[in-house]
Amino acid sequence: MSGFVWDTKKEPHHERRKRIMKEVPEVKKLFGIDPLLKYKTLLLVVIQLLIPIYLPENIWVRLLILFFVSATISHILFLAIHEITHDLAFRSKTLNNILAIVANIPLVFPYAMAFRIYHGEHHWYQGKDGIDTDIPTEKEALLFSGFLGKLIWLVNQILFYAIRPLVVHPIKVDKWQVINLLVQIACMTAYYFIAGWTGLVFLLLSIFIAGGLHPIAGHFIAEHYIFKEGQETYSYYGFLNKITFNVGYHNEHHDFPNIPGSRLPELKKMASEHYDNLYAHDSWGKVLWHFVTSQKISLFSRVKRNQ
């Protein structure tokens, strides 16, 4: 693929949401918060911060814990913040913001409040050129092509997701972003005195791995890269959904972002005729492998629109 796929139509989720609401009005019962989300999030934060403090001396055991435990928890915290961004933990936006900032603590860099804005725009303006910063830039796509280029990009994709919005679409700094920054500085300073450089480096490596070649990171590619012509968003219904707030139910999530992940399988069941005919992934790991090795898919394999 030598260029982005340009579409003159609006993103597909608005129309499908209207059809489902008309045909299956019972889906309204699924709207609302997930009462367990706050408890799961706080538990993950505590565990992640404790792990580097109580690491065993054996380097190989440390590496296994880093990849299979801490990197996994880091990515689950990314997805917890994603859920909280949609105000699915509390009815109060303020309480959701506070919880997102707390969830951000083990992730070292203060990004939760900026992510709230950028992710909202990703939903409202999916594919919109210059607004939806989930899409790689043309320079990225040209530079990181072929097997080696895509592999390098994939390993470092968390850096591109962090830096790209600041370059493509800078946003005005608000009070919540300032609070996010100050809380993160205070917490990381305190954590340094508790866990030292070892603890901070361990957390940093965890988020780098979590956003790179970790199997769960396959959802970054799986969600909107074109794997079937004519389809823009893709779901995954495999077992990893059980530890990732069902983020794999991505068509369902974009259709109804006000339904918590814990109830998205019910949505799919209630409106199955709208989802069963869509192409879905069966493995995030396979998605990563296919992305790197296939000549048919590249960083250009995304839908863009001007409207």
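# A guided tour of the model

Begin by selecting histidine 14, which lies in helix H1, the helix of residues 13–23. As you look around, keep in mind that this is a predicted model. Histidine 14 has a relative accessible area of 37%, and because buried means under 20% and exposed means over 50%, this residue is partly exposed. If you add tryptophan 197 to the selection, you have two residues that are 183 places apart in sequence, and from C-alpha to C-alpha they are 47 Å apart in space.

**Phenylalanine 90 and the loop before H4**

Select phenylalanine 90 next, in the loop between H3 and H4. Its relative accessible area is 21%, so phenylalanine 90 is partly exposed. Which residues is phenylalanine 90 in contact with, leaving aside its neighbours within four places in sequence? Show the side chains of Ile33, Lys38, Leu95, Asn96 and Leu99, since these are the residues to look for. For a distance across the model, select isoleucine 20 as well: the C-alpha atoms of phenylalanine 90 and isoleucine 20 are separated by 26 Å, and their positions lie 70 residues apart along the chain.

**Two packed helices**

Now colour helix H4 (residues 93–104) and helix H5 (residues 112–124), and turn the view until you can see both axes. Two packed helices are described by the angle between their axes and the distance between the axes. Here the angle is about 120° and the axes are 9 Å apart, and H4 and H5 are therefore oblique to each other. On the H4 side of the contact, select Lys93, Asn96, Asn97, Ala100, Ile101 and Asn104, which meet Ala112, Met113 and Arg116 on the H5 side. Sorted by character, the residues of this contact are four nonpolar, three polar and two charged.

Stay in this region and select valine 108, which lies in the loop between H4 and H5. With a relative accessibility of 15%, valine 108 counts as buried. Most residues other than glycine have a negative phi. Valine 108, however, has a positive phi, near 70°.

A second residue with a positive phi is asparagine 246, where the value is near 60°. Select asparagine 246 in the loop between E2 and helix H11 (250–255), where the residue is buried, with a relative accessible area of 13%.

**Aromatic rings**

Move on to phenylalanine 67 in helix H3, which covers residues 59–85. Phenylalanine 67 has 27% relative accessibility and so counts as partly exposed. Leaving aside neighbours within four places in sequence, its contacts are Thr72, Ile209, His214 and Pro215. If you also select asparagine 156, which is 89 residues away along the chain, the C-alpha atoms of phenylalanine 67 and asparagine 156 are separated by 16 Å.

A pair of aromatic rings is described by the distance of the centres and the angle of the planes. The count for this model comes to 16 aromatic pairs. One of them is formed by phenylalanine 67 and phenylalanine 68, with 5.1 Å from centre to centre and 75° between the planes, an edge-to-face arrangement. Phenylalanine 68 is exposed, with a relative accessible area of 57%.

For another edge-to-face pair, select tyrosine 225 and phenylalanine 291, whose ring centres are 5.7 Å apart and whose planes are at 75°. Are these two residues buried or exposed? Both tyrosine 225 and phenylalanine 291 are buried. Tyrosine 225 lies in the loop between helix H10 (218–224) and strand E2 (235–236), while phenylalanine 291 is in helix H14 (residues 284–293), so the pair ties together parts that are 66 residues apart in sequence. Now widen the selection to Phe144, Trp153, Phe160, Tyr225 and Phe291, which form one aromatic cluster.

Rings also have charged partners in this model. Select lysine 268 and tyrosine 237, and you will find the charged end of the lysine over the ring of the tyrosine, 4.8 Å from its centre. Then select lysine 304 and phenylalanine 4, where the charged end of lysine 304 sits over the ring, 4.4 Å from its centre.

**Last stop: leucine 151**

Finish by selecting leucine 151 in helix H7 (residues 146–155). Leucine 151 counts as partly exposed, at 27% relative accessibility. Not counting residues up to four places away in sequence, leucine 151 touches Leu213 and Val292. Add leucine 288, which is 137 residues away along the chain, and you will find the C-alpha atoms of leucine 151 and leucine 288 separated by 9.3 Å.

Terms used: Residues numbered from 1 in each chain as written. Predicted model: local features only at pLDDT ≥ 70, side-chain atom pairs only at ≥ 80, totals over all residues. Heavy atoms only, no water. Phe/Tyr/Trp six-rings, centres within 6.5 Å; stacked < 30°, edge-to-face > 60°. Buried < 20%, exposed > 50% of the residue type's maximum accessible area, 1.4 Å probe, protein only. Helix = DSSP H or I, 4+ residues; strand = E, 2+ residues; numbered from the N terminus. Lys NZ or Arg CZ within 6 Å of the ring centre and 35° of its normal. Axes fitted to C-alpha atoms, helices over the stretch in contact; angles between N-to-C directions. Parallel < 35°, antiparallel > 145°, perpendicular 65-115°, else oblique. Contact = heavy atoms within 4.5 Å. Nonpolar A, V, L, I, M, F, W, Y, C, P; charged D, E, K, R; others polar.
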